[in-house]
Amino acid sequence: MRFVLDARYAGPRPSGIGNYVRAIAARLPALAPNADFEFWLPKGTEPLSASPRVQHRTVSAPPSGLLTLAGPSFLGELEPGDLFHTPANVLGFHVPCPALVTVHDTMWLEHLAWCQPRPWLRPISGAYFGIGIRRALRHAARILTVSQASADDIVRVEPSAAQRVVVVPNAHEACFRTPESRDAARALAADTLGFDEPYFLVVGQNQPSKGHPLALEAFAAAALSGYRLVFVQRLEVGRGLHRLAQRLGVAERVHFSEAVSLERLVSLYQSASALLQPSLAEGFGLPALEGMACGTPVIAHDIPALREVLGTAGHLVPVGDVNALSQALKRVVLEPPWASELAARGVERARAFSWDRAAELTWQVYSEVAARIPEQRRAAPR
């Protein structure tokens with residue numbers, strides 16, 4: 001049989017979902033050397049595997065487009081004996097074979113405004129993701145998700161999914177680690193940013209769910225002389241935050257950067273005084289894990305997913321409590337032993353997460369569903 005993975009999020013500038021797809025796709029063929037795979041890629045993307053059992057198909061349609069919802073069968077050839085895995089929350093119509101879906105979180109169903117900041121687009125994107133995610137929760141043979149917190153949300157939203165949800169935690173690549181030379185990491189970070197002052201770091205897509213304005217307000221309230229705040233953002237870098245920084249009187253100490261190379265991103269993590277992740281909601285919270293792996297103290301909102309990822313290795317504050325965030329920043333600076341202890345616990349905690357293990361769990365789900373293909377074929381989503 002053939003295993004088909006829609007890997008269109010693994011483009012030249014991958015998001016968190018793109019990183020997840022790349023990590024899984026790179027490892028699956030080695031776990032099943034006799035299995036046939038097909039990976040769907042966007043134009044201009046290098047192959048994800050060198051295995052001779054992997055076929056790469058270029059698909060021109062965007063991953064979050066109408067054809068994805070109208071039917072994956074319009075994007076590539078799917079046969080009744082195939083197993084189809086879509087890793088980006090949505091399951092389309094007209095799927096002739098059993099389907100697996102990775103649903104990372106339920107935010108599009110429960111907090112539309114946190115996902116789509118433009119009111120005029122909410123009816124469109126809300127309908128697209130609402131239909132696609134609910135189809136996934138109701139019709140997928142298995143639902144993979146990245147944390148127990150996300151699994152709990154899925155079951156709360158769609159109780160019928162309870163017996164089909166499997167938790168496969170995200171992880172970090174080996175390059176996210178403590179630096180061999182801290183001086184070299186700091187030099188590369190300074191070259192990337194254009195300054196060498198100490199800084200706090202925020203990494204993530206610039207959308208309301210990430211709570212970036214709260215990080216900015218906390219930084220301004222901390223009033224730490226000589227420190228800067230660095231945002232590494234995807235999509236409309238600095239949108240809405242430039243004006244807030246000016247109003248708060250800290251614009252000259254705030255730096256906005258678009259996505260940087262992996263090597264430079266790692267150096268930014270390694271050299272930061274602390275990573276801030278004031279998310280309002282998350283399915284997982286990959287920057288928090290990457291920060292821990294790099295030996296950076298992590299300060300985050302106390303939400304279920306981040307509590308699960310960080311354990312006791314991060315400093316959690318109540319959601320929306322700018323004063324608590326601000327006090328945590330000051331504590332990092334004024335209490336170096338406390339910051340060092342957070343960093344050490346984070347490095348140890350990060351070892352619990354592995355992409356190899358995530359791929360193994362994913363293959364176990366593939367194998368389980370594949371063993372039931374004759375039965376599943378009769379109930380394939382349409």
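1. A residue counts as buried under 20% relative accessible area, as exposed over 50%, and as partly exposed in between. The structure discussed here is a predicted model. Glu341, with a relative accessible area of 40%, is therefore partly exposed.

2. The side chain of Glu341 meets that of Arg345 in a salt bridge, at 3.4 Å from N to O. Both residues belong to helix α14 (residues 336-350), where they are four residues apart and so separated by about one helical turn. An α-helix has 3.6 residues a turn, so residues three or four places apart point the same way. Arg345 has a relative accessibility of 33% and, like its partner, falls in the partly exposed class.

3. Salt bridges number 19 in the structure. Side chains of opposite charge can pair when their charged atoms come close. Beyond the pair in α14, a network of salt bridges links Arg2, Glu38, Arg57 and Asp82.

4. Another salt bridge joins Arg53 to Asp36, with 2.7 Å between the closest N and O atoms. Asp36 sits in strand β2 (36-41), and Arg53 in the loop that runs between β2 and β3 (54-58), so this pair ties together parts that are 17 residues apart in sequence. Arg53 is partly exposed at a relative accessible area of 30%. Asp36 is partly exposed too, at 33% relative accessibility.

5. The salt bridge between Arg8 and Asp6 has an N to O distance of 2.8 Å. Here both partners are on the other side of the 20% cut-off: Arg8 is buried at 3% relative accessibility, and Asp6 is buried at 7%.

6. Asp6 and Arg8 also appear in the lining of the largest cavity. A search of the whole structure gives one cavity of 30 Å³ or more, and the volume of the largest is about 70 Å³. Its other lining residues are Tyr9, Pro63, Ser64, Thr68, Thr86, Pro87, Ala88, Val90 and Tyr128. By class, the lining consists of six nonpolar, three polar and two charged residues.

7. Helix α15 covers residues 355-370, 16 residues in total. From first C-alpha to last, α15 reaches 22 Å, close to the 22 Å expected at 1.5 Å a residue. Ser354 caps the N-terminal end of α15, with a side-chain oxygen 3.1 Å from the backbone nitrogen of Asp356. Among the buried residues of α15 are Trp355, Leu361, Trp363, Tyr366 and Val369.

Technical notes. Residues are numbered from 1 along each chain as its sequence is written. This is a predicted model: local features need pLDDT of at least 70, side-chain atom pairs count only at pLDDT 80 or more; totals for chains, interfaces and linings use all residues. Side-chain values use heavy atoms; hydrogens and water are left out. On a 1 Å grid over the protein atoms alone, a cavity is a set of points where a 1.4 Å probe fits but cannot get out, and a pocket is an open set with protein on both sides within 12 Å along at least five of seven lines; lining residues have an atom within 4 Å of a point. Grid points are joined across faces, edges and corners, and a volume is the space filled by probe spheres set on the points. Ala, Val, Leu, Ile, Met, Phe, Trp, Tyr, Cys and Pro count as nonpolar, Asp, Glu, Lys and Arg as charged, and the others, Gly among them, as polar. Helices (H or I, at least four residues) and strands (E, at least two) are DSSP runs, numbered from the N terminus. The expected span of a helix is 1.5 Å times one less than its number of residues. Buried means under 20% relative accessible area, exposed over 50%, partly exposed in between (1.4 Å probe, protein chains only). A polar contact is a pair of N or O atoms within 3.5 Å; within protein, one must be able to donate a hydrogen and the other to accept it, and residues adjacent in sequence count only if both atoms are side-chain atoms. A salt bridge is a side-chain nitrogen of Lys or Arg within 4 Å of a carboxyl oxygen of Asp or Glu.
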